[in-house]
Amino acid sequence: MLSVISQFGTKFLFLPTMDRTYVNIHTHRPTGRHIELRTAGIHPWEAGRRSADTLPPFDDGVQAVGEIGLDYACDVPREAQLTLFREQLRIARERGLPVVLHSVRAFEATMRELAALPPRAAIFHGFIGSPEQARQALGRGHFLSFGERTFASPKTLAALRATPLERLFVETDESDTPIETLYARIAEARGTDAETLRRAVRANYERIFGTRHG
């Protein structure tokens, strides 16, 4: 049996690689039934109130720095967000960790910061951008994660359909929709089957994080 620790510190057990678990790359509602990434990071909404110095020590179970990034739709000063984002990108580089990104109305700024301090891998969580933005992110080798909000936006659905399987993740984020349901809906939107999608996302996960889950 293999174990994974969620970002909330709870340990779960999973079967070996040939099991039927799904990768849920970003969730605030861990279930313990699937592979749920463990991250450590400071959200951009906390910029100005917290600095990267307040991050707890990273233990061996932390798989990525996140969710971090920029949110230009909130009232947190942009300069404070940029400072915090850069600090955490430096930590990710120093530790050789991927990053899970929060980017709202700040795509171009996020891309500039990633180019200046490129992490080992970057996953845009809850991607709701256009096909052109998706093309730019994918062209830099980044990954896009889709979930419940994907279906509220025709442009994001178009971006989903244009994203190669080898650059795609699925997430529940704050939704209580089962991850299996989201895989089925995303597979249908792409004109494929859920098992093909599940295997592709699992391969992406293992390419970034290895076969040990946590």
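This section describes the fold, the sheet, the helix packing and the core of one protein chain.

The model is predicted. The protein chain holds 6 helices and 10 strands. Of its 214 residues, 54% count as buried. Contacts in the protein chain with a separation of 6 or more were also examined by distance along the sequence. Residues 24 or more positions apart account for 63% of these contacts.

An open sheet is built from 6 strands, in the order E5-E6-E7-E8-E9-E10. The pairing is parallel. E5 and strand E10 (168-170) form the edges, and each pairs on one side only.

The pairing can be followed from the E5 edge. Strand E5 (residues 39-40) joins E6 in the parallel sense through 2 bridges. Here Ala40 has Val65 in E6 as its bridge partner. Strand E6 (residues 64-71) is mostly covered, with 8 of its 8 residues buried. E6 then pairs with strand E7 (residues 99-104), again in the parallel sense, over 6 bridges. Val65 thus recurs in this pairing: its bridge partner in E7 is Val99. From E6 the chain crosses to E7 through helix H1 (residues 78-95), and this β-α-β crossover is right-handed. Further along the two strands, Leu70 stands opposite Ser103 in E7.

E7 is also mostly covered, and 5 of its 6 residues are buried. E7 and strand E8 (residues 122-124) run parallel and are joined by 3 bridges. Two of the residue pairs can be named. Val100 has Ile123 in E8 as its bridge partner. Leu101 is partnered by Phe124 in E8. Helix H2 links into this part of the fold: E7, H2 and E8 make a right-handed β-α-β unit.

Two further helices pack on the sheet. Helix H5 (residues 179-190) touches strand E9 (143-146) and E10. The direction of H5 makes about 140° with that of E10. Helix H6 (residues 194-209) touches E6, E8, E9 and E10. For H6, the angle with the direction of E10 is about 105°.

Helix H2 (residues 107-116) has several buried residues. They are Phe107, Ala109, Thr110, Met111, Glu113 and Leu114. The cover over the buried residues of H2 includes E6, H1, E7, E8 and helix H3 (131-139). The contact with H1 can be described in detail. Two packed helices are described by the angle between their axes and the distance between the axes. H1 and H2 pack at about 35°, and their axes are 10 Å apart. Their crossing is right-handed. On the H1 side, the residues in contact are Leu82, Phe85, Arg86 and Leu89. They meet Thr110, Glu113 and Leu114 in H2. These three H2 residues are among those listed as buried.

The largest nonpolar core has 62 residues. Within this core, Phe124, Phe169 and Val170 touch the most other members. Phe124 belongs to the E8 pairing, as the bridge partner of Leu101. Phe169 and Val170 fall in the E10 edge strand, which spans 168-170. The surroundings of Phe169 were listed without its neighbours within four places in sequence. Its contacts are then Val23, Ile25, Ile123, Phe143, Leu144, Ser145, Phe146, Val201, Asn204, Tyr205 and Ile208. Among these, Ile123 is the E8 partner of Val100. Phe143, Leu144, Ser145 and Phe146 lie in E9 (143-146). Val201, Asn204, Tyr205 and Ile208 lie in H6 (residues 194-209).

A contrast to the buried positions is found in the loop between E5 and E6, where Gly48 lies. Gly48 counts as exposed because its relative accessible area is 69%, and the cut-off for exposed is over 50%. The C-alpha atoms of Gly48 and Glu79 are separated by 9.1 Å. Along the chain, these two residues are 31 residues apart. Glu79 falls within H1 (residues 78-95), the helix of the E6 to E7 crossover.

How values were computed: Residues are numbered from 1 along each chain as its sequence is written. This is a predicted model: local features need pLDDT of at least 70, side-chain atom pairs count only at pLDDT 80 or more; totals for chains, interfaces and linings use all residues. Side-chain values use heavy atoms; hydrogens and water are left out. Buried means under 20% relative accessible area, exposed over 50%, partly exposed in between (1.4 Å probe, protein chains only). Helices (H or I, at least four residues) and strands (E, at least two) are DSSP runs, numbered from the N terminus. Two strands pair if DSSP finds at least two bridges between them. A crossover is right-handed if, with the strands pointing away from the viewer, the path from the first strand over the helix to the second runs clockwise. A nonpolar core is a set of buried Ala, Val, Leu, Ile, Met, Phe, Trp, Tyr and Cys residues joined through side-chain atoms within 4.5 Å. Contact means heavy atoms within 4.5 Å. Axes are lines fitted to C-alpha atoms, for helices over the stretch in contact, and angles run from 0 to 180 degrees between N-to-C directions. A crossing is left-handed if the near helix is turned anticlockwise from the far one by less than a right angle, and right-handed if clockwise.
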